[in-house]
Amino acid sequence: MACYSTSSVSSSLRITNSMAMNGVLSFPPTSSPILPFNKAFTFVSMRASIKPPTNSFQVRSVATPTESVAGFDDMVAGTERKYYMLGGKGGVGKTSCAASLAVKFANNGHPTLVVSTDPAHSLSDSFAQDLTGGALVPVDGPDYPLFALEINPEKARDDFRDASKQNGGTGVKDFMDGMGLGMIVDQLGELKLGELLDTPPPGLDEAIAISKVMQFLESQEYNMFTRIVFDTAPTGHTLRLLSLPDFLDASIGKILKLRQKIASATSAIKSVFGQEQNRPDAADKLEKLRERMIKVRELFRDTDSTEFVIVTIPTVMAVSESSRLSASLKKENVPVKRLIVNQILPPSASDCKFCAMKRKDQTRALDMIQNDPELSSLSMIQAPLVDVEIRGVPALKFLGDIIWT
Ligand SMILES: Nc1ncnc2c1ncn2[C@@H]1O[C@H](COP(=O)(O)OP(=O)(O)OP(=O)(O)O)[C@@H](O)[C@H]1O
């Protein structure tokens with residue numbers, strides 16, 4: 001028999017041992033007494049049926065990693081700013097895990113910002129608060145300030161499009177055509193930036209969204225945040241995102257070069273006709289965007305301040321995708337140490353046929369992780385499947401106290 005207990009349950013969570021009996025951990029269970037605020041609860045498992053066995057709702061190694069990964073104490077230590085990016089296959093629980101980490105940081109003394117760069121936001125749903133609008137919104141509940149930000153990718157992209165248009169897109173093209181300087185217009189065709197922005201590849205929105213966050217963080221008023229948690233878009237977007245800053249950096253570099261040519265051409269025209277055609281604001285904006293793209297690229301690879309946490313579920317498909325994600329992140333030198341395996345059936349004394357089958361399936365997927373060359377060296381955190389949706393700060397605290405130990 002294995003035991004798992006948390007230190008406290010804030011607000012009125014109701015937990016009993018009986019909820020583990022049918023293989024699903026309830027939050028809150030429907031027929032159990034309400035525990036008073038701050039009263040500890042104990043979850044007693046009746047059977048060790050998943051590998052690794054049942055007392056493992058905490059950071060633990062699947063295989064022996066070359067260097068051991070510390071737990072939450074390490075994540076929470078220090079007041080210098082740290083970034084955590086949570087990513088993985090769609091629907092595995094990235095938002096729930098990211099939001100639970102943000103709540104835990106805020107409850108442990110860190111002014112925290114949680115950002116969604118997933119074009120399909122679900123932070124508002126997860127916190128059960130309206131966080132839309134593209135600005136920082138305070139989240140009610142945690143002990144220390146917690147703010148959330150849902151970046152509106154379309155708006156961020158429009159800003160980018162406006163800046164690039166003014167510096168090398170149709171605006172300049174029309175102007176140059178009007179001035180009879182067609183040969184420079186030919187060079188614009190090569191950039192294909194307009195096309196790129198009209199049908200953006202996955203990852204572009206996220207790259208722009210993250211650069212937007214960097215822009216926020218540069219300002220004095222956001223200096224207070226010591227932990228930034230990103231709820232990122234599903235795997236495919238993340239993989240493309242990794243190469244996008246390079247691609248955009250090169251594209252913007254071309255535009256800026258072109259802008260210089262245009263500027264010298266226009267100043268020649270200006271000297272003849274006395275016309276003012278300079279647009280320093282737009283050029284500055286583009287230059288700043290380029291600088292931020294470089295910062296995003298550096299941020300993703302900074303082992304001191306950044307960690308990418310992969311979230312998965314115990315299915316063969318999700319594990320295979322996580323393995324590919326891990327390989328790509330490693331190839332790109334993005335620091336990855338932890339793997340959250342979410343929605344694991346808790347141990348049960350009396351499995352129904354469905355639960356027994358499901359458990360077998362999950363065991364196979366967990367075995368796969370143990371034998372996977374990419375994933376076996378990561379520290380695995382197992383999170384149980386609970387039988388209600390995790391919504392609101394008390395629920396996220398509950399989940400966070402299980403995951404982040
Ligand atoms: N451990 C869990 N137990 C029960 N339900 C869970 C658990 N983790 C997540 N969920 C539920 O699964 C659903 C998807 O979770 P979430 O939105 O966090 O996933 P996601 O990976 O961010 O999804 P998307 O890729 O669509 O953004 C939500 O309804 C959430 O409440």
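Start your tour of this predicted model by selecting helix 11 and colouring its buried residues: Ala318, Val319, Glu321, Ser322, Ser323, Leu325, Ser326 and Leu329. Keep in mind, as you turn the view, that residues three or four places apart in an α-helix point the same way, because there are 3.6 residues a turn.

While you are here, try a quick check on the geometry. Helix 11 covers residues 316-331, and at 1.5 Å a residue its 16 residues should span 22 Å. The C-alpha atoms at its ends are 23 Å apart, which agrees with that expectation. Then step on to asparagine 333, which follows helix 11 and has a positive phi, near 60 degrees.

**Into strand 7**

Next, select residues 146-150, which form strand 7. Is this strand enclosed or open? Of its 5 residues, 5 are buried, so strand 7 is largely enclosed by the rest of the structure. Show the side chains and look along the strand: Leu146, Ala148 and Glu150 point one way, while Phe147 and Leu149 point the other way. Glu150 is among the buried residues here. In a regular strand, side chains alternate between the two faces of the sheet.

Now bring in the neighbours of strand 7. Strand 5, residues 112-116, runs parallel to strand 7 and is joined to it by 5 bridges. To see one of these pairings, pick valine 115, whose bridge partner in strand 7 is leucine 149. Strand 6, residues 137-138, pairs with strand 7 in the antiparallel sense, over 2 bridges. Here, select proline 138 and you will find phenylalanine 147 of strand 7 opposite.

**Around the ligand**

Centre the view on the ligand and select its shell. How many residues surround the ligand? There are 18, and the closest are Gly90, Gly93, Lys94, Thr95 and Ser96. Colour the shell by character and you get 7 nonpolar, 8 polar and 3 charged residues.

Which helix gives the largest share of the shell? That is helix 2, with 3 residues. Highlight helix 2 (94-107) together with strand 10 (336-344), since each supplies at least two residues of the shell.

**Last stop: glutamate 218**

Finish at helix 8, residues 204-218, where you will find glutamate 218. Glutamate 218 has 13 other C-beta atoms within 10 Å, so this residue counts as partly exposed. For a final distance, pick the C-alpha atoms of glutamate 218 and alanine 233: these residues are 15 apart along the chain, and the two atoms are separated by 23 Å.

Terms used: Residues numbered from 1 in each chain as written. Predicted model: local features only at pLDDT ≥ 70, side-chain atom pairs only at ≥ 80, totals over all residues. Near = placed C-beta within 6 Å. Helix = DSSP H or I, 4+ residues; strand = E, 2+ residues; numbered from the N terminus. Nonpolar A, V, L, I, M, F, W, Y, C, P; charged D, E, K, R; others polar. Buried ≥ 20, exposed ≤ 12 C-beta atoms within 10 Å, placed from the backbone. Pairing = 2+ DSSP bridges. Expected span 1.5 Å × (residues − 1).
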